Amino acid sequence: MTAALIVLSLLAALLALALVHHRRQLGRLRRWAAQPRMSDPPEAPGDWGEAFDLLHRHRRANLKRRRQLAQLIVRSRRAAQALPYGVTVLDAELRLDWCNDSARQHFDLHPERDRGAPIVNFVRHPDFVAYLAAREFSEPLRLQVSGSSPRTLALQLVAFDEDAWLLLSQDITGAERIEAMRRDFVANVSHELRTPLTVLSGFLDTIQDLKLEPQRVRDYVNLMAPQAARMRRLIDDLLVLSALEHAPPPPEERIALGPLLERLRSETEQLSNGRHRIALAIEGEHDLRGAENELASAFLNLASNAVRYTPAGGEIRFAWRATGAGGEFTVEDTGIGIEAEHLPRLTERFYRVDRGRSRDTGGTGLGLAIVKHALARHQAVLEIASTPGKGSVFRVRFPAARLLPATQKVPG
Amino acid sequence: MGSTEHTSKQFETDLDTTRTRVLQMGGLVEAQILAAIEAFATGEAKLADQVIENDARVNGYEVAIDGACNHIVVKRQPAASDLRLIMAIAKIVTDIERIGDEAKKVARMSKRLHEHGPQHAQRFSAIRHTAQIAVKMLRQALDAFARLDAASAAGVLKEDSEIDHEFRGAVRQLVTYMMEDPRTISPALDILWVAKAIERMGDHSKNIAEQVIYIVRGTDVRHTSFADIEREMGAQ
């Protein structure tokens with residue numbers, strides 16, 4: 001009886017102990033489960049320990065997945081941010097949700113402040129409003145925006161979810177400008193070739209249709225020859241320009257400036273035919289590195305312009321000045337000068353200050369464009385300063401990297 | 001409770017829709033100014049015709065938005081601050097419509113000017129610059145309205161003195177041309193009208209900006225009069 005009682009009370013004590021143990025572990029579990037993200041699950045021996053270990057493993061896996069997901073979100077945002085396109089996320093009602101930096105610049109948006117507002121509140125151009133209203137997004141929309149800086153954008157709306165849209169925007173200002181330049185160039189070339197051709201075919205028709213005296217025919221042929229020459233000059237210049245554009249980098253010849261400029265002076269004297277005073281000054285002992293024929297013809301081009309636009313009795317001064325910081329070739333004249341508004345466009349192909357005059361003097365409208373190209377191939381820049389009625393200065397600046405210390409004293 | 005919540009939500013939606021329409025109307029007028037100035041500078045008659053034709057769309061917007069405002073007032077009977085917003089919208093729409101009229105005027109004048117033959121481009125450069133400021137002012141005023149941003153609206157008020165300054169400069173320049181060569185008097189007077197139209201655009205944009213300040217400050221500081229707000233903004 002007593003033995004049974006002892007066993008029983010022992011059992012009861014054991015049970016009570018087990019109960020206390022389990023309640024304690026349960027309490028720990030409950031405390032941990034209230035904030036499972038803050039810490040690892042508790043540790044314990046036995047069955048509880050196994051269960052806790054399982055939870056522990058779950059938690060680890062979970063944390064890892066969360067980190068991966070968070071990274072994925074950050075990475076996709078970063079990817080969208082890094083795109084060279086503007087990316088704007090819109091909701092089903094085309095209200096702003098998010099946009100990257102490019103889009104912010106394209107549309108002058110404030111992503112945080114403008115969130116939730118209709119995109120048309122900020123992109124108000126009627127063409128864009130019509131594009132959205134038409135609900136036809138297969139073709140991109142070309143839009144000129146006049147935000148903080150005017151630009152042309154290509155826009156496209158793409159549905160990317162049940163209830164969201166992506167507005168892709170691309171700045172095509174530069175591409176449009178190049179396209180316009182190409183169009184203008186083709187139109188200009190055609191026009192420049194057609195003018196002499198019209199004259200030529202006019203004379204040909206006359207000669208063919210009318211019975212003319214041989215003397216008259218000769219007169220006409222004499223009038224036709226300069227037109228043909230003009231066409232040839234134009235085509236030659238076009239070929240030079242195209243060759244410069246597609247040629248490999250210029251050869252690295254050593255160019256002694258002294259002899260080159262001497263030649264330039266005598267050629268200019270021939271062109272001037274005694275109508276101008278021509279001076280040449282050389283300072284500093286440096287040679288140039290580059291293609292001699294290209295630079296010589298670029299300099300001659302500038303010189304012949306000076307002759308062409310300087311009235312008789314004027315003065316043309318050439319100067320070469322080289323220091324460790326770079327080289328500088330200038331052509332200064334006392335000619336008619338150029339109005340300031342023309343200066344920035346002077347090196348454009350076929351740009352003419354005065355159409356009639358430059359053609360009368362035999363210009364093709366490509367001279368300075370060729371000069372600019374030839375110089376650019378030598379990393380040199382052309383700067384033009386001019387005062388109408390007083391004269392002009394054409395300055396060619398070579399970087400120090402293009403200079404070579406002269407090997408021998410240049411004979412003056 | 002549920003029904004008033006629903007009503008107020010519907011009211012919000014109505015207001016937002018109206019605001020977006022005002023902004024779209026503004027966008028259209030912005031494009032109209034740019035096209036009119038382009039027509040003025042290049043003499044493209046087709047572009048000028050397009051501006052004149054499009055003015056009907058601007059007027060259409062005005063009528064529609066006015067109708068919507070009346071509808072909201074009658075149906076929702078908005079309280080003080082909301083009523084102020086509606087009133088301000090009605091005024092802003094009038095100003096935008098006037099700017100549209102000025103753009104049309106510029107387009108008409110350009111056609112007349114270029115009928116006399118080609119014009120010297122440098123005479124337009126000052127006008128073009130003034131027009132750019134006018135477009136910028138309108139855009140800034142509309143942006144301020146879209147964001148209900150009083151600080152940015154106050155910036156527009158400052159720009160207006162710049163446009164007045166540019167206008168006086170353009171007038172002086174035109175007077176010089178007229179004195180140099182009396183034959184230029186007739187085209188110079190036409191150009192003067194264009195300059196005046198652009199200057200008026202600036203005034204209207206300023207009005208829009210003032211309304212935006214009125215909306216923002218008026219809702220924040222309920223019992224301050226408009227004159228006080230103006231004084232307050234002016235003091236900044």
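In this predicted model, the buried residues of helix α10 of chain A pack against four elements of the same chain, namely the helices α6 (214-246) and α8 (292-308) and the strands β11 (381-387) and β12 (391-399). The residues of α10(A) that are buried are Leu368(A), Ala369(A), Ile370(A), Val371(A), Lys372(A), His373(A), Ala374(A) and Leu375(A). Because eight of the ten residues of this helix, which spans residues 367-376, are buried, α10(A) is largely enclosed by the rest of the structure.

One of these neighbours, α8(A), can be followed in more detail. The axes of α8(A) and α10(A) come within 9 Å and cross at roughly 145 degrees, and the crossing of these two helices is left-handed. On the α8(A) side, the residues that take part are Glu294(A), Leu295(A), Ala298(A), Asn301(A), Leu302(A) and Asn305(A), and they meet Gly367(A), Ile370(A), Val371(A), Ala374(A) and Leu375(A) in α10(A). Sorted by class, this contact between α8(A) and α10(A) has seven nonpolar, three polar and one charged residues.

From here the path leads to the nonpolar cores. The largest of them has 84 residues, and those with the most contacts inside it are Ala134(B), Ala141(B) and Val212(B). Helix α6 of chain B, residues 185-220, gives the most to this core, with 14 residues. If residues up to four places away in sequence are not counted, Ala141(B) touches Ala153(B), Val156(B), Ser205(B), Ile208(B), Ala209(B) and Val212(B). A second, separate core of 32 residues includes Val371(A), together with Ala306(A), Trp320(A) and Ala380(A).

The two chains also meet each other, with 15 residues of chain B in contact with 13 residues of chain A. On the side of chain B that touches chain A, the elements that give two or more residues are α1 (2-42) and α4 (122-147) of chain B, and α1(B) gives the most, with nine residues. By class, this side of chain B has seven nonpolar, five polar and three charged residues.

A careful reader should also ask how confident the predictor is. For the complex it gives an ipTM of 0.81 and a pTM of 0.66, while the mean pLDDT of chain B is 84, with 86% of its residues reaching 70 or more. Among the elements of chain B, helix α2 (residues 45-76) has the highest mean pLDDT, 92, and helix α7 (residues 226-235) the lowest, 52. Over residues 220-226 of chain B the pLDDT is below 50, and beyond near neighbours in sequence this stretch has four contacts in the model. Where pLDDT is low, predicted coordinates should not be read in detail.

Technical notes
Residues numbered from 1 in each chain as written. Chains lettered and ligands numbered in written order. Predicted model: local features only at pLDDT ≥ 70, side-chain atom pairs only at ≥ 80, totals over all residues. Buried ≥ 20, exposed ≤ 12 C-beta atoms within 10 Å, placed from the backbone. Contact = placed C-beta atoms within 7 Å. Nonpolar A, V, L, I, M, F, W, Y, C, P; charged D, E, K, R; others polar. Core = buried A, V, L, I, M, F, W, Y, C linked by C-beta atoms within 7 Å. Axes fitted to C-alpha atoms, helices over the stretch in contact; angles between N-to-C directions. Left-handed = near helix turned anticlockwise from the far one by under 90°. pLDDT = per-residue confidence, 0-100.
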